[in-house]
Structure formats: C-alpha cells, structure tokens
Amino acid sequence: MKLLLINSSARTGGNTGRVMNLFEESLLLLAREQGIALELIRVNLAQRNLLPCLGCRACFDRGEDACPRKDDLLQLKRELLEADGYLIASPVYVEDVNGVMKTMIDRLAFFSHRPALYGKAALLYVTSGIGSSNHALNTMRTASGTWGVRVVNGLKFRL
C-alpha cells in the first residue's frame, strides 16, 4: 500500500509537521504489526514549485498538459494517481487552509470534473494555535470529495 503524506506547512518542525510525524510512526508500527507492506511518501507542498492558477481553463479544454504554468503540478498529479490513499494536512491561516494548500486545491480543479481519484481514501487534519477551524477542514473535505476521494475522517488539533 502506498500512502501520500501531504503537508502544506512551510514551517519544518512546526505543529503540522510534528503531528504528521506521529501519524507516520503510528502507521509504520501498525503496518509492521499487521504484516502490511506500506510505502509512505512525504510531500511538503511549501517546498514544491506550485504556481497560482491563472483561470485560463486550458486544463479543462485541452488537458492538464496544456497548462501554461510549467511547475511541479504534473509531478504531484502523478503521485496522487499512484498512491492508494492520503494523509493531507494544513495549518489554519485566518480560519482557512494556508495559501499553499489553497493553490494545490485550485490547481487540481480538473479532478473535480473527472474525479480520477475515485475510490481512494484520505484522512485530513488541520492545526492551529488558538483553536482549529471547521472552515479550514471543510475546505479540504469539499475539495477531496469533488476529486472522488472518500474522506475517512477530518481532525482538528489545537497545539
């Protein structure tokens, strides 16, 4: 089984990453105990070159390869398609996901029209210092659902 661990926080060693580390350790331990072959692939969105969407509709009209933005989106698309499931995390900024997560959501809009991730599952979580936001979690839940992903659970961590 291949799981993609997607963290949109730019803060290495920050709260979102610390929670991700705990999930990773728990998943590896559980997989060992159950005899499951598990491959975990970490994706730090803040370290990827993801440019904002231009709204030009090239990806809808002519396919994702026609996007004028030449960045890491197609690599991310391949990783999402190859994975069996996802752990997707964002810190809360102004009661919503951070900008890097929103950029990923915007750039993957083509999945909303042809849900190529149908049948895959995700665990979502958000972190905040003062009280994690339902709004941020709902942003991630809505996007994942339109891509065809079954959201197993959405968690909020106040750290």
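Helices, as counted here, are DSSP runs of at least four residues, and strands are DSSP runs of at least two, numbered from the N terminus. The exercises below apply this to a predicted model.

**Exercise 1. Describe the overall make-up of the protein, and decide whether its radius of gyration agrees with that of a compact globule.**

Begin with the elements: the protein has 6 helices and 6 strands, and read along the sequence they follow the pattern β-α-β-α-α-β-β-α-α-β-α-β. Next, turn to the dimensions. A compact globule of 159 residues would have a radius of gyration near 15 Å, and because the protein has 15 Å, the two agree. The C-alpha atoms fill a box of roughly 45 × 40 × 25 Å along the principal axes. Finally, consider how the chain is covered and connected: buried residues make up 47% of the 159 residues, and, among contacts between residues at least 6 apart in sequence, 78% join residues at least 24 apart. The surface that remains exposed amounts to about 8,300 Å², of which carbon and sulfur atoms supply 53%.

**Exercise 2. Work out which strands pair with strand E1, and in which sense.**

First locate E1, which covers residues 2–7 and is mostly covered, with 5 of its 6 residues buried. One partner is strand E2 (residues 39–44), which pairs with E1 in the parallel sense over 6 bridges; within this pairing, Ile6 has Val43 in E2 as its bridge partner. Between these two strands the chain passes through helix H1 (residues 15–34), and this β-α-β crossover is right-handed. Another partner is strand E3 (residues 85–93), again parallel to E1, over 5 bridges. Here the bridge partner of Leu3 is Gly85 in E3.

**Exercise 3. Compare the expected span of helix H1 with the distance between its end C-alpha atoms, and find what its buried residues pack against.**

The expected span is 1.5 Å times one less than the number of residues. For the 20 residues of H1 this gives 28 Å, and since the end C-alpha atoms are 29 Å apart, the expectation and the model agree. The next step is to list the buried residues of the helix, which are Asn15, Thr16, Gly17, Val19, Met20, Phe23, Glu24 and Ala31. These buried residues pack against E1, E2, E3, E5 and strand E6 (150–158). After the helix comes Gly35, whose phi is positive, near 70°.

**Exercise 4. Classify Val94 and Glu95 as buried, partly exposed or exposed, and describe their phi angles.**

Recall the cut-offs: a residue is buried under 20% relative accessible area, exposed over 50%, and partly exposed in between. Val94, in the loop between E3 and strand E4 (96–97), has a relative accessible area of 83% and is therefore exposed. Glu95 is also placed in the loop between E3 and E4, but its relative accessible area is 43%, so Glu95 is partly exposed. Now examine the backbone: phi of Val94 is near 50°, a positive value in a residue other than glycine, and Glu95 has a positive phi of about 65° although it is not a glycine.

**Exercise 5. Describe the surroundings of Arg114.**

Arg114 sits in the loop between helix H5 (110–113) and strand E5 (121–128). With a relative accessible area of 34%, Arg114 is partly exposed. Leaving aside residues up to four places away in sequence, Arg114 touches Cys59, Phe60, Gly63 and Glu64. As a last step, consider Asp72, which is 42 residues from Arg114 along the chain: the C-alpha atoms of these two residues are separated by 20 Å.

Methods
Residues are numbered from 1 along each chain as its sequence is written. This is a predicted model: local features need pLDDT of at least 70, side-chain atom pairs count only at pLDDT 80 or more; totals for chains, interfaces and linings use all residues. Side-chain values use heavy atoms; hydrogens and water are left out. Buried means under 20% relative accessible area, exposed over 50%, partly exposed in between (1.4 Å probe, protein chains only). Two strands pair if DSSP finds at least two bridges between them. A crossover is right-handed if, with the strands pointing away from the viewer, the path from the first strand over the helix to the second runs clockwise. Contact means heavy atoms within 4.5 Å. The radius of gyration is taken over C-alpha atoms; the globule rule is 2.2 Å times the number of residues to the power 0.38. Accessible areas come from the Shrake-Rupley method with a 1.4 Å probe; for residues, only the protein chains shown count as cover.
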